[in-house]
Amino acid sequence: MKVLGRIALYAGLTLAALTFIYPFLWMASATFKPLAEVGTLALFPENPTFDNYRTMWARAPFGRALLNSMMVAGTITVSVLVFGSITAYAMARLRFRGSPVLNAVTMGVLLVPGQLTLIPMYTLIVQLGLIDTYAALILPYLFNATAILMMRQFFLQIPQSLIDSARMDGMGELRILFTIFWPLSRPVLSIVAIFTFMGSWNEVLWPLLVVREQQLMTLPQLLTVFSLGGGAGSIGVSLASAMVLVVPVVIAYAILQRNFIESMASSGVKG
Amino acid sequence: MRAEQRSGSLMAAPYVVFLLIFAAYPILFALVLVFLQWDLVTTPAFAGLDNVRLLANDGRFWRAVANTFVFLSIHLPLQIVTALTLALALNRRLVFLSFWRAAFFLPVVISGAVVAILWSNLYATDVGLINGLLVRIGLRPVPWLTDPSTAMPAIAAMVTWKNVGFYVIIYLAGLQYIPRSCREAIEIEGATTWQRFRHLTLPLLLPQTILVVTLSTINGFQLFIEPYVMTGGGPLRRTYSIVLYLYTNAFAYQKMGYAATIGVALAIIIGAVVFIQRRVIGRAEAL
């Protein structure tokens, strides 16, 4: 009886896992299928072809979009880590006027839904003349309230004696942060890095508003515009362009799976 | 210490500037925009309560609100039941535990745009994978995204599939906090598996359930890329979402005042719905 239960459990788990994985396998295989075969259930194409990839690459600047996405997500992640930790350090370890207010405001910011500020942010970007610039994609994300609060929480637990003795040695606050706090804070820094990068990598609504120039589009945006605008022309081509977005993420996820789950679950970020 | 004061203020200053530009200003200006008519080209004109009046009588807006409730009425129960079932299955000694967890979580890390494009193909009436399976077991193909009565449920099922791994992790964390002594005590009392689930596990998971409901609800009100990519809001506007309508007003019609009004209304609706949900769940618990 117990054995039967175990078998049923594993059968159920396998079925569930397949439900989540199989669509992606089907997608990967469809990109290697000629048009006539795409509708079939088979996982292995009978006449494998690279045509879908060739067409996709020739019709829209996906290489450029890949670079744009990496540049934008990379810059935002570095900024959130570096400037965010400077802020978090000040809030956690330095007494200055307005510090409690800043903490309260940061928590308040988390409660404001993005849709409330979407249009005013958009008109701001228009008025600053930043439509169709990288700045439009990056500036509104230079700081992240969730990240600051998480780092602040972590920094609060680091013993004061470390700061005191570093100050005695004549270290400035920034040096204390980057040479003493950073190495001790790897867990929280990696959590922040992953959810910030993923949030930016997958973001599509904001780029759709502020970028119209194809050369400046990030991957999810170009993919959306390309598939909707009929540029793709066929399922295989459209899915092949989606692969450019998926493959780097799946590779990173396969390697850092535990960190990904911990990071995204603790931040509430969902693609 | 003056030096500490000074470096503290200096280090926090960039963030304060950022908050003023990208939080305080947009929030205040959103409220100003409600009273303006502005196409971004000509000078903004004061419009009094025109935008609010228009919104109150705008059938398309209320259609989008109703669509969201249809979405939530399918998505919420489905999400809770699936997440809880998978979490309970994982909450024991298993071979390959981290593999199962990673598999369920996979769609969470994939961009919503990709998932939407992938599923428009899975749902495709003639060549879709799902109808292919249905035909193979002898059923008739279903026009998932082109039939007004199935389009929104299809999207709700897809979003559940995409996010469920996230909520499995939340429930798993909750399950790990249930003390072994409680389980043993209730087992000694002779409780059946169902009774144990109903009177011990489920009540103790209430904080997680509230979190799942809140996050899924907020997520549901922010539905955008799925209808944008999969249906364009159709058929018969049955999948038109509030954010899609907001985006269309801003981007296609250049109505900044009205789009901002929709944004403010959306924020109020989200706040109200989440507040009511928490009261209701809290009261159900008291019974």
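**Notebook: cavities, a pocket and a kinked helix**

I sorted the lining of the largest cavity and got six nonpolar residues, two polar and one charged. (My bins: Ala, Val, Leu, Ile, Met, Phe, Trp, Tyr, Cys and Pro are nonpolar, Asp, Glu, Lys and Arg are charged, and the others, Gly among them, are polar.) This is a predicted model, where local features need pLDDT of at least 70 and side-chain atom pairs count only at pLDDT 80 or more, while totals for chains, interfaces and linings use all residues. Residues are numbered from 1 along each chain as its sequence is written, chains are lettered from A and ligands numbered from 1 in the order in which they are written, and side-chain values use heavy atoms, with hydrogens and water left out.

**Cavities**

I found two cavities of 30 Å³ or more. On a 1 Å grid over the protein atoms alone, a cavity is a set of points where a 1.4 Å probe fits but cannot get out; a pocket is an open set with protein on both sides within 12 Å along at least five of seven lines; lining residues have an atom within 4 Å of a point. Volume is the space filled by probe spheres set on the points, which are joined across faces, edges and corners.

The largest cavity comes to about 70 Å³. Its lining includes A:Tyr141, A:Glu203 and A:Trp206, and α3 (62–93) and α11 (205–210) of chain A each give at least two residues. (Helices are DSSP runs of H or I, at least four residues, and strands are runs of E, at least two, numbered from the N terminus.)

The second largest cavity holds about 30 Å³. Among the residues lining it are B:Phe71, B:Met152 and B:Phe221. I counted five nonpolar residues there, three polar and no charged.

**Pocket**

I put the second largest pocket at about 1,300 Å³. Of its 32 lining residues, the closest to the centre are B:Leu88, B:Leu90, B:Asn91, B:Arg92 and B:Arg183. The lining splits into 14 nonpolar, six polar and twelve charged.

**Helix α13 of chain A**

I checked residues 235–267, 33 in number: a straight helix would span 48 Å, but the end C-alpha atoms are only 34 Å apart. (Expected span is 1.5 Å times one less than the number of residues.) There is a kink of about 100 degrees centred on A:Leu256, the bend being the angle between axes fitted to the seven residues ending there and the seven starting there.

**B:Leu86**

I located B:Leu86 in α3 of chain B. B:Leu86 is buried at 10% relative accessible area (buried is under 20%, exposed over 50%, partly exposed in between; 1.4 Å probe, protein chains only). Leaving out residues up to four places away in sequence, B:Leu86 touches A:Ala16, A:Phe20, B:Phe104, B:Val164 and B:Val168, with contact meaning heavy atoms within 4.5 Å.
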